[in-house]
Amino acid sequence: MYKDYELDKRLVKCHPSPRQLAIEQMEFYAFAHITVNTFTDKEWGDGTEPESIFDPSGLDADQWVEALVAAGATGLIVTGKHHDGFCLWPSKYTEHSVKNSPFRNGRGDVLREVSDACRKGGIKFGVYLSPWDRNCPLYGQGKAYDDYFCAQLTELCTNYGELFSVWFDGACGEGPNGKKQVYDWNRYYSVIRELQPNACISICGPDVRWCGNEAGDTRESEWSVIPTGFDTPDDVAEKSQKSDDASFRKKKISEMDRDLGSRALCSYASGFAWRPAETDTSIRPGWFYHASDDDKVRSTETLIDIWYRTVGGNSKLLLNIPPDRRGLFHETDVKRLRELGDYIRKTFKVNLAEKAEISADKDNGYDLAENVRVDSYDSYYKPFDGDNEATLTFRFSDPQTVSHVVIKEHIPMSQRIERFVVEARTDIGYTEVYSGTTVGYKKIVKFSPIVTDEIRIRVTDSRVCPIISFVGIY
Ligand code: FUL
């Protein structure tokens, strides 16, 4: 495509806020869906479930966190309130909560136990709060419901320490004749910004974008800079007029939504924003625990594949593990999580770039090729302004077997790379082992193992000059 430098300059003006940068660096975190549905064997409750059915009496949040740490996850988001309206914490504003359940004799607070366990285990904590509430009589009454929702948000934002994400689900199954609540999103956002300035407002919010499916499908080119008109909270809600049946959870990203940020698409837009993708998907067919799914837990190979495509494809991975009726992660899920973590740790243990001699074809004199050795945003490699192509070469003293190259752009200065190739030198010269498009926060390039004494990354097109903060070779 022809270059429009004015457009490119406007696109790269968009970059992450500190809270967005922090969540990018978390890479892979988890969801835990648990509520009355866990006991009714449903995916969506209708709000009439008696509190008396909620009793995960063996709940052990330390067991959840231990399993997540073993997987390499860095945070956990819990369903404080799902569409059925049942609150996992003893909210002052409703009777429909743990306080009227047998769980811990009515003195329990799932969010307290989980947030404490997260802090103890060294991972971050976040909450899911469904705007759609099928129990609250105020739902559909405009401001009265907004008052209720904001009061609950205030409880969540003040009583459980720092939150990394407040996850607003767009789903609403009311249908055309159902109750209609016009959400006062800006009011919700200001409660969070005031009480939890470091929390990302995810999905129906400005900070993190829903990837557009629940199957774990990803895009070949994932852009974090997208046109601003796209995906307002109400659009997301509209798109999420989904049902609770399993077919929705298998739907892939539609052809129409494959391209959200190419230059061609952006040339029709008037404004742009940094809204990075998050891929939410479940380790099981459902979001909630069903004993009948015990033999349908995703295989370790599938989880590894999803991890590569999300974390290694400029998206965050939000993997759901539904606690069972005991209040524990099921043994099978725990085993898969450990295997996933073991694989990741083993594969990325030794970074061959650390000992390589690194050089660049273009050298501006101070943002040196050498800087990509260190995984930090304090330094980076950058050619001259105006250079849209650049080559980084990594020379090993002895031939090495290589199967992965990790590339990270310096996203504090936006996402720029549009095309690149990775080549390996063997006896017959350079062989192309990978050809790709976007990089963004992180691209993990995986190829058949090759014995080589030199790897080179050639950026062949970029919006304004490419800036690379880190390269790892494994
Ligand atoms: C959807 C909900 O309807 C599902 O139950 C689940 O919470 C998923 C993460 O989001 O919109």
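Start with the salt bridges: a search of the whole of this structure finds 39 of them. The model is a predicted one, and the stops below visit three of these pairs, one network and two helix packings.

**Stop 1: Asp-62 and Lys-120**

Select Asp-62 and Lys-120 and show their side chains. The two form a salt bridge, and their closest N and O atoms are 2.9 Å apart. Now colour helix H4, residues 61-71, and helix H5, residues 110-121. Asp-62 belongs to H4 and Lys-120 to H5, so this pair ties together parts that are 58 residues apart in sequence. Turn on the surface to compare the two partners. Asp-62 is partly exposed, with a relative accessible area of 31%. Lys-120 has 63% relative accessibility and counts as exposed, because the cut-off for that class is over 50%.

**Stop 2: Asp-147 and Arg-187**

Next select Asp-147 and Arg-187. Here too there is a salt bridge, with 2.8 Å between the closest N and O atoms. Asp-147 sits in helix H6 and Arg-187 in helix H7, and the pair links distant parts of the chain, 40 residues apart. Asp-147 has a relative accessible area of 30% and is partly exposed. Arg-187 is also partly exposed, at 28%.

**Stop 3: the packing of H6 and H7**

Keep that pair on screen and widen the selection to residues 143-159, which make up H6, and residues 185-195, which make up H7. How do the two helices pack? Their angle is about 20° and their axes are 10 Å apart. H6 and H7 are therefore roughly parallel to each other, since angles under 35 degrees count that way. Their crossing is right-handed.

To see the contact itself, show side chains on both helices. On the H6 side, the residues are Lys-143, Tyr-145, Asp-146, Asp-147, Phe-149, Cys-150, Leu-153, Thr-154, Cys-157 and Thr-158. They meet Arg-187, Tyr-188, Val-191, Ile-192 and Leu-195 of H7. Coloured by class, the residues of this contact divide into nine nonpolar, two polar and four charged. The salt-bridge partners from the previous stop, Asp-147 and Arg-187, are among the residues listed here.

**Stop 4: the packing of H11 and H12**

Move on to helix H11, residues 300-311, and helix H12, residues 331-347. These pack at an angle of about 55°, and their axes are 9 Å apart. That angle makes H11 oblique to H12. The crossing of H11 and H12 is right-handed.

Which residues make the contact? From H11, select Thr-300, Leu-303, Ile-304, Trp-307 and Tyr-308. From H12, add Arg-336, Glu-339, Leu-340, Tyr-343, Ile-344 and Thr-347. By class, the contact of H11 with H12 holds seven nonpolar, two polar and two charged residues.

**Stop 5: Arg-458 and Glu-423**

Leave the helices and select Arg-458 and Glu-423. They form a salt bridge in which the closest N and O atoms are 3.1 Å apart. Arg-458 lies in strand S15, residues 443-462, and Glu-423 in strand S13, residues 417-426, so the pair ties together parts 35 residues apart in sequence. Is each partner buried or partly exposed? Arg-458, at 28% relative accessibility, counts as partly exposed. Glu-423 is buried, with a relative accessible area of 8%.

**Stop 6: a network**

Finish by selecting Asp-8, Arg-263, Glu-418, Asp-461 and Arg-463 together. Salt bridges that share partners join these residues into one network.

Conventions
Residues are numbered from 1 along each chain as its sequence is written. This is a predicted model: local features need pLDDT of at least 70, side-chain atom pairs count only at pLDDT 80 or more; totals for chains, interfaces and linings use all residues. Side-chain values use heavy atoms; hydrogens and water are left out. Axes are lines fitted to C-alpha atoms, for helices over the stretch in contact, and angles run from 0 to 180 degrees between N-to-C directions. Helices (H or I, at least four residues) and strands (E, at least two) are DSSP runs, numbered from the N terminus. Angles under 35 degrees count as roughly parallel, over 145 as roughly antiparallel, 65 to 115 as roughly perpendicular and the rest as oblique. A crossing is left-handed if the near helix is turned anticlockwise from the far one by less than a right angle, and right-handed if clockwise. Contact means heavy atoms within 4.5 Å. Ala, Val, Leu, Ile, Met, Phe, Trp, Tyr, Cys and Pro count as nonpolar, Asp, Glu, Lys and Arg as charged, and the others, Gly among them, as polar. A salt bridge is a side-chain nitrogen of Lys or Arg within 4 Å of a carboxyl oxygen of Asp or Glu. Buried means under 20% relative accessible area, exposed over 50%, partly exposed in between (1.4 Å probe, protein chains only).
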